[in-house]
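Please look over the sequence and the model shown here before reading on. The report below takes up a surface feature, then a single side chain, and ends with the protein as a whole.

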Amino acid sequence: MESIDALSKKLSEYLTGSQVEQVNSAYEFANNAHSGQFRKSGDPYVSHPVAVANILSNLRLDEDSISAAMLHDVIEDCGVPKQVIEKEFNSSVANLVDGVSKLDKLELSSASVLQADNYQKMILAMAKDIRVIVVKLADRLHNMRTLGHLSRDKQIRISKETLEIYAPIAHRIGMNNIYRELEDLSFRILYPGRYRRLRVAVKKNRGSQKRLLRKIQRVLEKQLVEDNIAAYIEGRDKHIYSIYRKMKQNRRSFGDIMDIYAFKLIVDKSEDCYRALGAVHSVFKPIEGRFKDYIAIPKSNGYQSIHTGVIGTDGQPIEIQIKTEEMDDMAENGIASHWLYKSGNSKETAPQRKARKWVAGLVEMRNNYENSEDYIDSIKTNIFPDEIYVFTPQGKILELPEGSTPIDFAYSVHTDIGNYCKGCRINRKLAPLSVPLESGQTVEILTDRLPQTSPAWLDFAITSRARNSIRHYLSNTKASEAIKVGKKLLEQALSEYNIKLNRRNNDHLSGVIQKLGVDSLNELLEDIGLGKRAGNIVATQISNLMNETDKATSLPVALEISGTEGLAIKYGQCCNPIPGDSVIGHFTSGGMVVHQERCKNILSVREDPRECFPVKWDEELDKAFPTEIKVIAEDYPGLLADIAFSISSSDTNIESLEHNDLDSEKVAFHLFIQVYNRDHLAKVVRKLRSMKRVISVNRIHDQEDRHAKTIH
Ligand code: MN
């Protein structure tokens with residue numbers, strides 16, 4: 001059993017005293033919470049979280065991840081609420097533990113192996129913070145190492161899951177050490193006979209190859225010394241499962257695979273990689289088409305190295321990888337290797353730290369890109385999917401765009417399920433049809449015997465499949481039915497304004513209705529019933545127009561925007577209004593669009609009550625909106641990382657960014673950031689302006705700003 005004292009000692013090699021203290025108290029907390037619980041091996045339960053923390057300490061992860069490793073089972077197994085962890089430790093630890101617990105709750109059915117790829121994406125989508133994945137992988141690794149105490153059935157189930165889902169995730173984020181061990185451990189349990197035979201064969205083969213390996217190594221070493229290149233050479237062993245996979249996939253014999261001699265050449269600096277390549281090619285003949293330069297163009301997970309294939313003196317093929325120590329660390333530990341380069345700012349939240357590391361990694365890559373298009377592509381490459389992944393009651397996984405609701409889900413299963421949908425259950429609980437779904441949820445659609453399709457669904461259906469199906473259904477509905485539905489919707493919406501249809505104000509009303517561009521009330525109701533107009537917006541228009549003709553109350557009442565209207569209200573992408581801006585609503589065929597009052601696109605129609613009407617921000621509004629800023633700065637390596645850090649340190653997410661070089665010294669960045677209001681934006685701008693080499697920071701209000709060469 002691994003002891004907490006040994007762990008603390010190891011942690012103090014790279015963490016501060018108070019950081020180690022935090023891990024120690026996490027241990028105390030877990031020890032109390034798990035007291036009386038034992039593992040199948042008979043060890044006290046707490047030995048498991050300690051071992052997981054120990055695996056992560058080898059990767060030199062930060063104190064919050066290691067504390068979360070200590071606490072990773074206390075929510076699930078001891079019923080400790082997340083809030084308690086947040087209070088005892090901090091929100092970062094609490095979010096990590098919560099994230100790992102959510103993954104634990106995923107029931108991977110036996111059908112899952114068929115959808116392994118979707119499972120991997122679902123897990124990545126659910127994690128949000130990459131450290132959740134890293135902790136989960138360490139947890140899985142320790143469980144695999146100690147699987148021997150479980151029943152054979154369980155061993156097989158867990159090994160299959162590891163091989164199909166968790167090992168590929170480790171591979172995907174570049175954690176190759178863990179990836180290889182997970183594969184070999186699973187392989188050993190699933191095919192004990194094949195594993196044993198291969199292991200014996202590999203061992204025997206290594207013995208017989210020893211002399212030849214040493215000979216090749218000596219030739220290489222001699223040339224490197226002559227060329228004055230500091231390097232060390234390592235033989236590379238393939239892990240057993242990868243040999244098995246190659247034999248199976250390529251139908252090659254064990255001998256064919258093992259006859260390839262593989263070396264790793266580690267040099268000091270990246271320039272030396274190319275010199276070392278020259279040295280290798282001067283002693284052994286290169287094989288055509290085998291040279292790959294992943295230093296100039298790294299793989300999307302950040303992998304860098306030079307690969308080449310050569311023919312040895314005795315005619316045997318040799319594979320050589322040339323890289324620096326840092327690149328090698330990245331290749332072995334992937335995402336986790338980033339934490340080696342310590343972060344000092346304890347105020348950063350987990351996603352901010354993640355974003356900063358991620359961007360910092362990209363900046364390193366940027367220096368290696370010749371043209372900026374490749375660079376921008378690489379920025380857009382992200383390991384976290386934009387989609388959400390949810391289960392049907394049968395355990396099938398459906399992929400939907402982020403923000404999808406049960407209505408989108410229903411139509412993606414089948415058009416009829418959509419049209420007859422009358423309600424839904426999310427994770428077995430009744431839920432409204434308008435609520436956005438989250439990855440990992442199980443969604444069940446309840447249907448009626450009669451079609452239920454309603455134009456109101458257009459307010460929250462976001463997929464084109466659902467929206468088109470709803471519109472299609474509605475347009476096939478008889479006019480009389482549409483009028484009935486439209487009347488119900490408008491009456492409901494008008495009741496907010498204390499206006500009633502079919503009362504003595506009907507004359508008054510018909511005057512108003514003409515101004516909306518229809519000939520009769522029925523036509524208007526039909527439009528609403530068919531989903532061509534939104535009931536709540538028409539109601540606001542009517543109310544405004546009535547107030548206007550009613551000289552008694554000359555000021556129209558502004559509509560409050562609460563940010564929860566969904567698709568009924570959109571925000572102008574030309575001017576990107578944020579709370580605090582003076583805004584105005586503009587009616588379009590697709591609904592109402594909110595613009596900044598100063599936006600040039602609505603200048604000509606601003607005064608027309610049929611086109612526009614006043615809106616204002618709800619004072620309680622607590623939602624971030626995208627806004628665009630332009631930063632001009634003197635260029636230097638690491639500039640992007642500094643800008644990203646400055647922004648994320650004021651609790652702000654970066655949605656996207658583009659850059660272009662203004663001249664050889666200056667560079668302009670267009671950034672979309674998420675802010676809560678104008679004060680928040682001002683804070684971000686102030687921070688950026690305080691950076692030494694930043695020349696100007698401006699908010700982009702419209703197209704003209706966007707294309708202006710420079711703004712001061
Ligand atoms: Mn565990």
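## A negative surface patch

In this predicted model, Glu634, Asp661, Asp663 and Glu665 form a negative patch on the surface of the protein. One of these residues, Asp663, lies in the loop that runs between strand E18 (653-661) and strand E19 (666-675).

Asp663 has a relative accessible area of 37% and is therefore classed as partly exposed, a value that also satisfies the requirement of over 30% relative accessible area for residues that make up a patch.

## Arg140 and its contacts

Arg140 is placed in helix H9, which covers residues 130-145. Its relative accessible area is 9%, so Arg140 counts as buried, the cut-off for that class being under 20%.

When residues up to four places away in sequence are left aside, Arg140 touches Ile158, Glu161, Thr162, Tyr166 and Leu182.

## The protein as a whole

The protein contains 28 helices and 20 strands, and of its 712 residues, 50% are buried. Among the contacts between residues at least 6 apart in sequence, 67% join residues that are at least 24 apart.

The accessible surface of the protein amounts to about 35,600 Å², and carbon and sulfur atoms account for 47% of that area.

How values were computed
Residues are numbered from 1 along each chain as its sequence is written. This is a predicted model: local features need pLDDT of at least 70, side-chain atom pairs count only at pLDDT 80 or more; totals for chains, interfaces and linings use all residues. Side-chain values use heavy atoms; hydrogens and water are left out. Helices (H or I, at least four residues) and strands (E, at least two) are DSSP runs, numbered from the N terminus. Buried means under 20% relative accessible area, exposed over 50%, partly exposed in between (1.4 Å probe, protein chains only). Contact means heavy atoms within 4.5 Å. Accessible areas come from the Shrake-Rupley method with a 1.4 Å probe; for residues, only the protein chains shown count as cover. Patches are made of residues with over 30% relative accessible area and no salt bridge: like charges are joined within 9 Å, nonpolar side chains (Val, Leu, Ile, Met, Phe, Trp, Tyr) within 5 Å. A salt bridge is a side-chain nitrogen of Lys or Arg within 4 Å of a carboxyl oxygen of Asp or Glu. Lys and Arg count as positive and Asp and Glu as negative; His and the chain ends are not counted. The place of a charge is taken as NZ of Lys, CZ of Arg, CG of Asp or CD of Glu.
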